[in-house]
Structure formats: C-alpha cells, structure tokens
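Open the model in your viewer and keep the sequence panel beside it. The tour below goes from one selection to the next and says what is found at each stop.

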Amino acid sequence: MGNAEWGMDADRAASDSSPQSPVPSPLRLVVMGTGPFAVPMFRGLLAGRHRVLALVTRLARSSRAGVKPPPSPMRAVAEGHGLPVLDPESINTPVAREALAALAPDLFVVADYGQILSPETLAVARLGGINLHGSILPKYRGAAPINWALYHGDTETGVTVIHMTPRVDAGPIVAIARTPIDPEEDAVALEQRLAQLGAPLVSQVVDQLAAGQVESLPQDASQACGARRLRKTDGEIDWSRSAPEIKNQVRALEPWPRTSTHWLRQHATPLRVILGHVTVEARTSDSPPGTVVAASSGRLVIATGTGLLAIDQLQPAGKRMMSAGEFLNGHPVATGERFGSP
C-alpha cells in the first residue's frame with residue numbers, strides 16, 4: 001500500500017521506456033547496508049540489469065563476553081550471491097577509498113548502513129550516491145525515523161530516495177512513496193513494510209540515473225526534524241502521559257529498547273516488567289497515573305495521565321512474555337497498587 005512521487009512526468013516516462021528509445025548501459029553499483037531495512041532493496045538490485053560489484057557493511061563486533069553476533073542479513077545475502085564484502089572500520093579512510101576506487105563504481109546505493117560518507121568518499125563513484133531513508137523527508141532525519149514516527153503517533157509515513165550529501169539525510173529528494181500507518185502496527189512490522197515499499201523505488205531511480213533522466217528537489221530545511229538514535233531510557237514509561245501516547249511508545253520501541261515499568265509491590269522489591277500489546281480503554285478514571293484500576297478476570301488496567309490503558313501482554317524480568325491473565329495468576333496484583341519508577 002503506497003503511492004510514489006517522481007521528479008518526471010508520466011508522459012515523459014512512457015516515451016523514454018518506448019521500444020524506440022535506446023537502452024542505457026547498465027551501471028556499476030556498490031551497495032552499502034547493514035540492517036534488515038536494506039535487504040529488499042539489495043535483492044531487487046541483484047535481480048535487476050545493473051551490475052552489483054560488492055557490498056559494504058558494518059564491521060561485526062563481538063560482545064564484551066566474546067560472543068560473536070550473527071552475520072548481518074545483508075552480509076548473508078551478499079555471500080549467498082558470491083559477492084565481495086567490505087567491512088571497513090571507517091568508510092572514509094584512504095585505505096577504504098582505495099578499495100572502493102578499485103571497483104570503479106558508477107554509483108553508491110545506500111540504506112541502513114550506519115556511517116556517514118565524506119565528500120571524498122562520495123566522489124569515488126562517478127554519480128555519487130543515493131540513499132533510501134525510512135521517512136518522508138525532511139521529517140525525521142536521523143538514525144531512527146520509523147520509531148519516532150510511531151512514537152509521535154503519525155498516521156502517515158513513507159520512504160524517500162535522496163542524492164547523498166555529507167549532511168545527514170539532507171540531500172535533494174529524487175523520489176518519495178507514501179503509505180498510511182496502521183494504528184496497531186509496531187516498528188518491526190512497519191520497517192518490513194517500508195523496506196518492501198522502497199525496494200522498487202530505488203531500482204527505478206537507478207534506471208533513471210542510467211538514462212540521465214533524474215530530476216530532484218531540494219529539501220525544505222525549515223520543515224526538518226531529527227530522529228536521533230534510540231536510548232535505553234526511552235523505554236521507561238511516564239504514566240502521567242496519556243494512554244494513546246504510552247501505546248505509541250510501546251509500538252515504537254520494538255524490538256529495542258522495549259517499553260518497561262515497575263510493579264511497586266507492597267512489602268516486596270519492585271518488579272520490572274516489559275509491556276507487550278496494550279489497548280486504550282474507552283472509559284476514564286479519576287485515579288492517579290500509574291494506579292491499578294482493574295486486576296481480575298484476566299484484565300490488568302492502569303490509569304494514565306489521560307485515560308486508561310489495558311495491559312494485554314507483559315514480561316516479568318527474567319521470564320517470557322505472557323498474557324495479563326497468566327501474569328495475574330502468578331502475581332497477586334491488587335486494585336489500588338501502583339506501577340511506575342521505583
């Protein structure tokens with residue numbers, strides 16, 4: 001579900017794709033990406049007529065305990081196609097630029113990579129670089145656009161393809177595809193959907209670049225807003241916020257850092273719980289924010305700053321996610337008790 005906006009009109013696109021038009025030579029592409037958002041785009045380019053020379057991805061670091069993380073999904077796709085994989089500590093060192101220059105790329109195609117390309121690095125590719133971003137720019141420039149769109153309760157989002165510049169997500173816009181946000185959609189589901197929406201958009205922009213037909217528009221900097229990287233503290237619930245705002249927080253912070261609070265038990269240590277699915281109740285209450293107003297018959301309902309929030313799923317520290325009914329069977333929550341910061 002979504003619609004695309006292009007820098008060229010439909011009549012021109014039709015004439016340029018007619019049998020009489022010469023077919024432009026394929027471009028030599030270097031793809032840069034690490035996370036799952038980039039995978040559909042990568043697969044689409046691999047299936048297309050342009051030549052993908054290599055993947056550049058982030059270096060996988062072992063944890064402090066020495067545990068090596070699983071391979072990134074982009075690395076797995078590249079290795080499955082027999083492509084070279086470059087993972088420099090920094091893409092902007094002379095050594096990294098030399099490795100890129102040896103590939104003689106026409107274009108860098110970037111999504112969910114995690115490093116900013118310097119002017120010197122962008123200049124290695126004849127046509128510079130394009131980037132697939134998970135928002136309708138200039139809104140939500142930064143590392144976590146999908147999460148912050150959900151957090152703020154946006155009802156529409158999309159993907160944008162831009163010509164890259166050294167400023168983060170500030171380059172001229174080449175194409176946009178828009179889509180409504182389902183009110184029950186969380187960040188995991190929305191990212192998957194936007195990744196699928198963006199894949200054909202990127203392929204078509206690459207085709208247009210090969211044909212010299214791309215038109216772009218500068219971003220309106222006055223409308224720009226940031227989407228900084230998420231922090232663990234973003235998951236802490238402030239029960240003085242409204243029920244819809246807290247529900248949006250739960251949707252936005254999947255799969256990390258998740259949304260959590262503490263059951264402030266009487267005569268016991270506060271118990272940290274992670275919230276799963278939640279529902280905004282139609283009724284209201286005069287109880288102070290964080291107060292339990294129902295804890296029976298499989299229902300756990302908590303007062304917020306405005307409205308009531310039913311906790312449908314929750315995960316006690318060190319346990320699995322469970323339904324409210326399962327939780328209440330093993331934890332004697334009483335009406336009038338509080339949830340909040342210990």
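This is a predicted model.

**Stop 1: helices α2 and α3**

Select residues 39–47, which form helix α2, and residues 73–80, which form helix α3. Their axes lie 10 Å apart, and the helices pack at an angle of about 15°. Angles under 35 degrees count as roughly parallel, and α2 and α3 are therefore roughly parallel to each other. Their crossing is right-handed. To see the contact, show side chains for Val39, Phe42, Arg43 and Leu46 on α2, then for Pro73, Met74, Val77 and Ala78 on α3. Seven of these contact residues are nonpolar, one is charged and none is polar.

**Stop 2: α2 against α7**

Keep α2 on screen and add helix α7, residues 187–211. Here the axes of α2 and α7 come within 8 Å and cross at roughly 40°. That angle makes α2 oblique to α7. The crossing of α2 and α7 is right-handed. On the α2 side, the contact is made by Pro40, Met41, Gly44 and Leu45. On the α7 side, select Ala195, Gln196, Ala199, Val202, Ser203 and Val206. The residues of this contact of α2 with α7 divide into seven nonpolar and three polar, with no charged residue.

**Stop 3: Val202**

Now centre the view on Val202, in helix α7. Is Val202 buried or exposed? Val202 has a relative accessible area of 1% and is buried; the cut-off for buried is under 20%. Measure from its C-alpha to that of Gly44: the two residues are 158 apart in sequence but 8.6 Å apart in space. Then display what surrounds Val202. Leaving aside neighbours within four places in sequence, Val202 is in contact with Met41, Leu45, Val109, Ile130, Leu132 and Val161.

**Stop 4: strands β6, β7 and β8**

Ile130, one of the contacts of Val202, leads to the next selection. Select β6, residues 129–133, and β7, residues 156–163. The two strands pair in the antiparallel sense over four bridges. Ile130 stands opposite His163 in β7. Strand β7 is mostly covered, with seven of its eight residues buried.

Add strand β8, residues 173–180. β7 and β8 run antiparallel and are joined by seven bridges. For one example, pick Thr157 and look in β8 for its bridge partner, Thr179.

**Stop 5: the loop between β6 and α6**

Follow the chain from β6 into the loop that precedes α6, residues 145–151; Pro138 has its place in this loop. Most residues other than glycine have a negative phi, and most peptide bonds are trans. The bond joining Leu137 and Pro138 is cis, with omega about 15°. Tyr140 is found in the loop between β6 and α6 as well. What is the phi of Tyr140? Phi of Tyr140 is near 65°, a positive value in a residue other than glycine. Tyr140 counts as buried, at 5% relative accessibility.

**Stop 6: the loop between α8 and β9**

Go on to helix α8, residues 243–252, and to the loop between α8 and β9, where β9 covers residues 259–264. Pro255 sits in this loop. Its peptide bond from Glu254 is cis, with omega near 0°. Arg258 also has its place in the loop between α8 and β9. Arg258 is not a glycine, yet has a positive phi of about 70°.

**Stop 7: the four-stranded sheet**

With α8 still shown, bring up the sheet beside it. Helix α8 lies across β11 and β14 and runs at about 155° to β11. In what order do the four strands of this open sheet come? The order is β11-β14-β13-β12, and the pairing is antiparallel. Select 278–280 for β11 and 292–296 for β12 to mark the edge strands, each of which pairs on one side only. Neighbouring strands of this sheet are turned by 20° against each other on average, direction ignored.

Finish on the pair formed by β13, residues 299–303, and β14, residues 308–311. These two strands pair in the antiparallel sense over three bridges. To pick out one pair of partners, select Val301 and its bridge partner in β14, Ala310.

Technical notes: Residues are numbered from 1 along each chain as its sequence is written. This is a predicted model: local features need pLDDT of at least 70, side-chain atom pairs count only at pLDDT 80 or more; totals for chains, interfaces and linings use all residues. Side-chain values use heavy atoms; hydrogens and water are left out. Axes are lines fitted to C-alpha atoms, for helices over the stretch in contact, and angles run from 0 to 180 degrees between N-to-C directions. Angles under 35 degrees count as roughly parallel, over 145 as roughly antiparallel, 65 to 115 as roughly perpendicular and the rest as oblique. A crossing is left-handed if the near helix is turned anticlockwise from the far one by less than a right angle, and right-handed if clockwise. Contact means heavy atoms within 4.5 Å. Ala, Val, Leu, Ile, Met, Phe, Trp, Tyr, Cys and Pro count as nonpolar, Asp, Glu, Lys and Arg as charged, and the others, Gly among them, as polar. Two strands pair if DSSP finds at least two bridges between them. Buried means under 20% relative accessible area, exposed over 50%, partly exposed in between (1.4 Å probe, protein chains only).
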